[in-house]
Amino acid sequence: MGVTERYVTGVLMGSGMRTTSPEPHKVILKHGQELEEEQEELAEHQPLEQEDLNFERWKRRPIPKRTLHQKIDDLKKYLWNAETNEFMGRSGKSWSLILLFYAALYLFLAAMFGGCLFCLMWSISPYHPTFNDRVMPPGMTMAPHLEGHEIAFNASDRKSWRKYTRSMEEYLRPYNDAAQQRKNIPCDKETYFMQDDLDEAAERKACQFKRSWLGHCSGLQDPNFGYSQGRPCILLRMNRILGYLPGQGKPINVTCGVKKGTPEVLGEMEFFPKSFFENKYYPYYGKLRHVNYSSPVVAVRFMGVQQGTNIQVQCKLNGKGIINDSPTDRYLGSVTFSLEVGA
C-alpha cells in the first residue's frame with residue numbers, strides 16, 4: 001500500500017468514522033496507471049458466455065423467394081422508373097452521353113478502316129500483281145470431270161455415258177465458231193502474241209480457237225463424242241497463269257500413256273487440232289483486259305481401248321520449264337484418270 005493510501009486510512013480510522021472502499025475508477029494512480037484499465041484487461045480474458053457460442057444466430061438468413069408478380073414489377077421498374085425518370089437504370093443524360101461516345105468511336109473506326117482500304121486499293125493494280133517473284137509451272141485440267149477423275153461406261157448403254165457427253169458439250173459451248181468469229185481475231189503467227197505496248201487498262205485482243213478444229217472430238221460430226229462407239233474423247237487444257245510464256249519460245253507438247261500396266265491396253269490415240277499448245281495464245285493478260293480470251297484445248301481420242309479393263313491413264317505437258325513428275329502435286333504438269341470401257 002502506498003504512502004498516500006496509508007495516510008488516508010489512518011486519518012479515517014483515527015477519527016472514528018466508518019469508511020467504504022473507494023470505487024475502482026476513482027482510485028488514485030498506481031504506478032502511473034488507473035485500476036480501471038487493469039479491470040478492462042482482465043475482462044478481455046474472461047470466458048465467453050454461452051450466448052456468444054451460439055453460432056446459429058450468426059448464420060445468414062435465407063432470402064425469401066420472390067413471386068412472379070414481384071419479378072414482373074421489378075422488371076417494369078428496371079425498364080422505367082417513374083420516380084427517378086430512369087430507363088434501364090440510367091437517366092436521359094447518361095444515355096445521351098453513352099450513345100454519343102459509341103457513335104464517335106464507331107465513326108472513327110469506320111473512317112480508319114475506309115482509309116486503310118482506300119490506301120490498299122490505290123497502291124495495287126487490278127490488272128496484274130504488284131509483286132511476283134516466282135511463276136509456278138502450269139498445271140493441267142481435263143473434261144469431262146464429274147465424279148472425280150474417273151470415266152467408266154458401256155458403249156451400248158446410253159445412260160452410262162450420257163453425262164459425259166453433256167459435260168463435253170457444256171465445256172465447248174464458248175468455243176463455237178460463231179462466237180469465236182464475233183469476239184476474237186484470226187492469228188497466223190506461231191510466236192507469242194505480245195501486247196505490252198498498249199495502255200495498262202486497254203483491252204487485249206485474243207486469237208480464235210474454233211470448236212470445229214477439234215475434228216471427231218468437237219461434237220459437231222459426232223454429238224456423242226465417240227462414247228457410243230467405245231472411242232471416247234477427252235479435252236486437255238493448260239492452266240492460265242498471268243503473263244506466263246510457256247516453253248521459252250517453243251510449243252508445249254502433250255503426251256498420254258498408261259501409268260501402270262502395258263501400253264497395249266490403251267491402243268491408238270488421235271490428237272486434235274494438234275498435240276501441242278501453240279504460242280500465239282500466250283501470254284494471258286487477265287480477265288479484266290483479256291475479256292474474250294479462250295484457252296487453247298488439245299482433244300485426245302482413244303481409238304482402241306481394251307474393253308472391260310480399268311486403265312490408269314496419265315497425260316503430261318512436256319517442254320522447257322515444265323514440271324510433270326512432282327511427288328506432292330499430281331496436277332502440276334499432268335493429269336491422271338481412270339478409263340474403263342465396256343461393250
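A residue counts as buried when its relative accessible area is under 20%, as exposed when that area is over 50%, and as partly exposed in between. By this scale Arg66, with a relative accessible area of 45%, is partly exposed. The model described here is a predicted one, and the points below take up an annotated helical span, an open sheet with a helix lying across two of its strands, and the salt bridges.

**The annotated span**

- According to the unreviewed UniProt entry, residues 97–124 carry the annotation "transmembrane region".
- In the model, residues 97–124 are 96% helix and 0% strand, and the C-alpha atoms at the two ends of this span lie 41 Å apart.

**The open sheet**

- Four strands make up an open sheet, in which the order is β1-β3-β7-β5 and the pairing is antiparallel.
- Because β1 (140–143) and β5 (269–272) stand at the edges of the sheet and each has a single partner strand, one side of each is left without a neighbour there.
- From one strand to the next, the twist of the sheet averages 25 degrees.
- Strands of a sheet pair through backbone hydrogen bonds, and they do so in either a parallel or an antiparallel manner.
- Strand β1 is joined by four bridges to β3, which spans residues 233–238, and the two run antiparallel.
- Thr141 has Arg237 of β3 as its bridge partner.
- Helix α5, made up of residues 158–172, lies across β1 and β3, and the helix runs at about 40 degrees to β3.

**Salt bridges**

- Four salt bridges are found when the whole structure is searched, and among them are the pairs Arg66 with Asp74, Arg211 with Glu169, and Lys274 with Glu278.
- In the pair formed by Arg66 and Asp74, the closest N and O atoms are 2.1 Å apart; Asp74 is partly exposed, with a relative accessible area of 38%, and Arg66 is likewise partly exposed, at 45%.
- The side chains of Arg211 and Glu169 meet at 2.7 Å, N to O. Since Arg211 lies in the loop between α6 (177–183) and β3, while Glu169 belongs to helix α5, this pair ties together parts that are 42 residues apart in sequence.
- Arg211 is buried, its relative accessible area being 3%, whereas Glu169, at 31% relative accessibility, counts as partly exposed.
- Lys274 and Glu278 meet through their side chains at 3.4 Å, N to O; Lys274 is partly exposed, with a relative accessible area of 34%, while Glu278, at 9% relative accessibility, counts as buried.

Definitions and conventions:
Residues numbered from 1 in each chain as written. Predicted model: local features only at pLDDT ≥ 70, side-chain atom pairs only at ≥ 80, totals over all residues. Heavy atoms only, no water. UniProt positions renumbered as here; feature names shortened; annotations may be inferred. Pairing = 2+ DSSP bridges. Axes fitted to C-alpha atoms, helices over the stretch in contact; angles between N-to-C directions. Contact = heavy atoms within 4.5 Å. Buried < 20%, exposed > 50% of the residue type's maximum accessible area, 1.4 Å probe, protein only.
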